[in-house]
Each structure stands twice: as C-alpha cells, then as structure tokens.
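Visitor: I've got a bit of time, so could you walk me through this one? Let's put it on the screen and go from there.

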Amino acid sequence: MDSTSYALEVSPESTLQFTLTRDASPEKAADGTARCVMTLKHPGNSSYLAFKVKTTQPRRYLVRPNQGIVAPGSTETINIVLVEKEKQILLQSFDRLGQSALDHSKDKFLVQSCVVDESFAKNYLSQKDSLNDDHSPEAIQAGKELTESLISMWNAVNAADDVQIFNRKLQVRHVVPPSSAAAGETPSGKGPSSRAQLWDKTSLENMTQEQMFMEISTLRRKYDELVTFSVNLTAERDILNNTLEQTKRDLNREIAKRKDIAASSGGKDGKGDVTVKKSGGGMGLVSFLFFAIVIFLVAVKLSMMGKVDFLLEAPVLGDLMRMEL
C-alpha cells in the first residue's frame, strides 16, 4: 500500500495568514482577534493517524488542539489564535515601517502525523468524546491523563526506528487590511490617529457610552484570552512536570539496572582477583623455601666432594656447610 496515503492533507497547504485588525468600533470589537483555521483531513480508509502541531513561536500563538487522532475519512479543525499582546507589537511595527515590516516573518508551523495503533486510537477517541461536555474536576483530570497517554505515544514513536513520521511545514504571513491601516494613521499618513490619542487622554468620567462599551468589550476579550492562556499554560506545565517525573523514574531504573549488572560482574572479577592474589602469595613462599632447600643440599653435596672450599668463607653459607648432616 502506498505510504503517502497515510499522510494528512493540510489546508491551507503552505501559508497561514493572520489578519491584524484594530478595534475601531464596538461592532468590530468582538472580531478583533487575529486567528487562523487549519484543517487536517484523513484521506485513507483504514488506519488511524495521530497528529501534532508545533510552532517556532509557542508564546505568540495559541493552538487548540495541538495534538490528537484523526479517524479514517474524518477531518480535524485546528484553531490558531495570535496572542493580543503580540498582535499589538506587530501593529506597532506596521505603523513604523508599513507592510514590509511584516512580510519577512520567520514564524513557522510544523504538522507531524503518523499511523497509530487502532485499539489505542479508538480508546482515545471514545474517552475524548465522553469528556467533551463534562467540566467536572474528575473529567479535567481524566483529560490530562488522556493527553499524557498521547504524549507517551509520541515519545515511543520518536524513539522507534520503524515508524514513519510525516512532516508538513507552513509559513506564516501577517497582513493589515486597508481599513485598519487607515485607522492607525494620522491625516499626514504617519503614526496613530488623533482619535486614538484623544481616547488615551480621555478619563473614564468623560467617556461616552459608545467609548465605554468599546473599552469594556476590549477588556473583556483580553481577560478571556488571558484566562484561556493561563489555563492552557497550567495544563502544559502539568504535562511537562509529569513527563519530567516519568523520565526521572526511567533514568533511575536504568541507573539501578546498570549498577546491578556492574556489581554482579565486578563481584565475580573480585573473587578471581582474591584467588590470584592468595595463590600468587603462596606460590612465592613455597618457591623460596624450595629453592633454599635445593641450594642447601647442593652446597652440602659439593662440600662433601671437596670442590667448593671457597664457599666456606661465605658468611652464612659457610656456616651452613660446616653443619653436620
């Protein structure tokens, strides 16, 4: 079977475009968030595919969901939101330098996918469906465990050599529509508008109902984004902590296993060393006594034959030779 049939179809194929707008009116305040929708389609009809979405700027974008499993013939929608603070930074760059400041973005996204075990995939999808409408603490904990199981699966895939991972890279493009570009310029065409400067200087007591509604809508949206970001960040932290603890446990087990192997092999070597040392020391003493006796007997024999008279003058050997057998 053609392996390319298992790769997810990503839409858009090469570029994610984020439109940066300014909240110029209360009607547009709810639509001021810069977002992009990416679709992952499973073109096959048999195997389940796991996916994971990565970015070079994880602090700039909120990706939900950033991983999951796609059943054969189904589609998964990925929502990517540009954080409001980052959007304002990009708009400031646009105000200073124009569209050219945004045309050379180095932000990138990577979509990875691989074939996953069918039983694992079905269990994951069934549990995910059962937790979609449940916001109880037990359901939140179960969702974390489900996410951890998917992370463990990806760790096993990355460690394996026989599993093929498909990669699709996408560029990022930021654009400012003409209406937002005009709202950010003064009549001379540079810098923030006089209306925006006036609003910055206007106190809360002097705001009109329209201005107050716009301010409340903006603050409410920013608050929601901050809460969402905090919740997601907490979940990512918990996942990372659990992954780190699991890695530590695996490392400690590996170290203990290696110590046991080294201790068992070292114990055998140590016994051998002791035996060699003991036998080596015994052989040295026996050899010394053996050679001493041989020399003594040879000297006595030669003395009886009268051929080693000169040895009688030796300090120790002469005394031994004068002894009576």
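Guide: Let's start with Y61, which is buried, with a relative accessible area of 3%. Keep in mind that this is a predicted model.

Visitor: Which residue makes an edge-to-face aromatic pair with Y61?

Guide: The two ring centres of that pair sit 5.1 Å apart, and the planes make 65 degrees. An angle over 60 counts as edge-to-face, so that label fits. The pair links distant parts of the chain, strand β5 and strand β8, 48 residues apart. The partner in β8 is F109.

Visitor: And is the pair of F18 and Y61 stacked, edge-to-face or tilted?

Guide: Here the ring centres are 5.2 Å apart and the planes stand at 40 degrees. Stacked needs under 30 degrees and edge-to-face over 60. The angle of 40 degrees fits neither, so the pair of F18 and Y61 is tilted.

Visitor: How many aromatic pairs is that, and which residues make up the cluster?

Guide: The count comes to 2 aromatic pairs. Y61 takes part in the pair with F18 and in the pair with F109. One aromatic cluster is formed by F18, Y61 and F109.

Visitor: Is F18 buried or exposed?

Guide: The cut-off for buried is under 20% relative accessible area. F18 comes in at 0%, so the verdict is buried.

Visitor: In β2, which side chains point to the buried face, and which to the other?

Guide: In a regular strand the side chains alternate between the two faces of the sheet. β2 shows that alternation: T15, Q17 and T19 point to one face and are not buried. The side chains that point to the opposite face, and are buried, are L16 and F18.

Visitor: Which residues touch the most other members of the largest nonpolar core?

Guide: That core has 27 residues. Its members come from many elements: β2, β3, β4, β5, β7, α2, β8 and β9 each supply at least two residues. Those that touch the most other members are L16, F18, L20, M38, L40, I80 and F109.

Visitor: What does M38 touch, leaving out residues up to four places away in sequence?

Guide: M38 is one of those residues that touch the most other core members. Its contacts are V10, S11, P12, L16, V53, E76, T77, I78, I80, V111 and L170.

Visitor: How many residues are in the other core?

Guide: This other core lies apart from the one that holds M38. Its members include Y48, A50, A71 and M153. The number of residues in it is 14.

Visitor: Now the open sheet of 5 strands: which strands stand at its edges?

Guide: The order is β2-β9-β8-β4-β6, with mixed pairing. A strand at the edge has a single partner, so one side of it is left without a neighbour in the sheet. The two edge strands are β2 and β6.

Visitor: Do β2 and β9 run parallel or antiparallel?

Guide: These two strands are joined by 5 bridges, and Q17 stands opposite R173 in β9. Elsewhere in the sheet, β8 and β9 run antiparallel, with 6 bridges, and there S113 stands opposite F166. The pairing of β2 with β9 is parallel.

Visitor: How many bridges join β4 to β8?

Guide: β4 is mostly covered, with 6 of its 8 residues buried. On one pairing, with β6, the strands are antiparallel over 4 bridges, and L49 has V70 as its bridge partner. β4 and β8 also run antiparallel, with K54 partnered by L110, and the number of bridges joining them is 8.

Visitor: At what angle does helix α4 run to β6?

Guide: Helix α3 packs on the sheet too, touching β4, β6 and β8, and its direction makes about 110 degrees with that of β6. Helix α4, residues 137–159, lies across β4, β6 and β8. Its angle to β6 is about 80 degrees.

Visitor: Last one: which side chain makes a polar contact with the side chain of E84?

Guide: E84 is found in helix α2 and is buried, with a relative accessible area of 7%. Leaving aside neighbours within four places in sequence, E84 is in contact with R221, K222 and E225. The polar contact, at 2.7 Å, is with the side chain of Q88.

Key:
Residues are numbered from 1 along each chain as its sequence is written. This is a predicted model: local features need pLDDT of at least 70, side-chain atom pairs count only at pLDDT 80 or more; totals for chains, interfaces and linings use all residues. Side-chain values use heavy atoms; hydrogens and water are left out. A nonpolar core is a set of buried Ala, Val, Leu, Ile, Met, Phe, Trp, Tyr and Cys residues joined through side-chain atoms within 4.5 Å. Buried means under 20% relative accessible area, exposed over 50%, partly exposed in between (1.4 Å probe, protein chains only). Contact means heavy atoms within 4.5 Å. Two strands pair if DSSP finds at least two bridges between them. Axes are lines fitted to C-alpha atoms, for helices over the stretch in contact, and angles run from 0 to 180 degrees between N-to-C directions. Rings of Phe, Tyr and Trp (its six-membered ring) pair if their centres lie within 6.5 Å; planes under 30 degrees apart count as stacked, over 60 as edge-to-face and the rest as tilted. A polar contact is a pair of N or O atoms within 3.5 Å; within protein, one must be able to donate a hydrogen and the other to accept it, and residues adjacent in sequence count only if both atoms are side-chain atoms.
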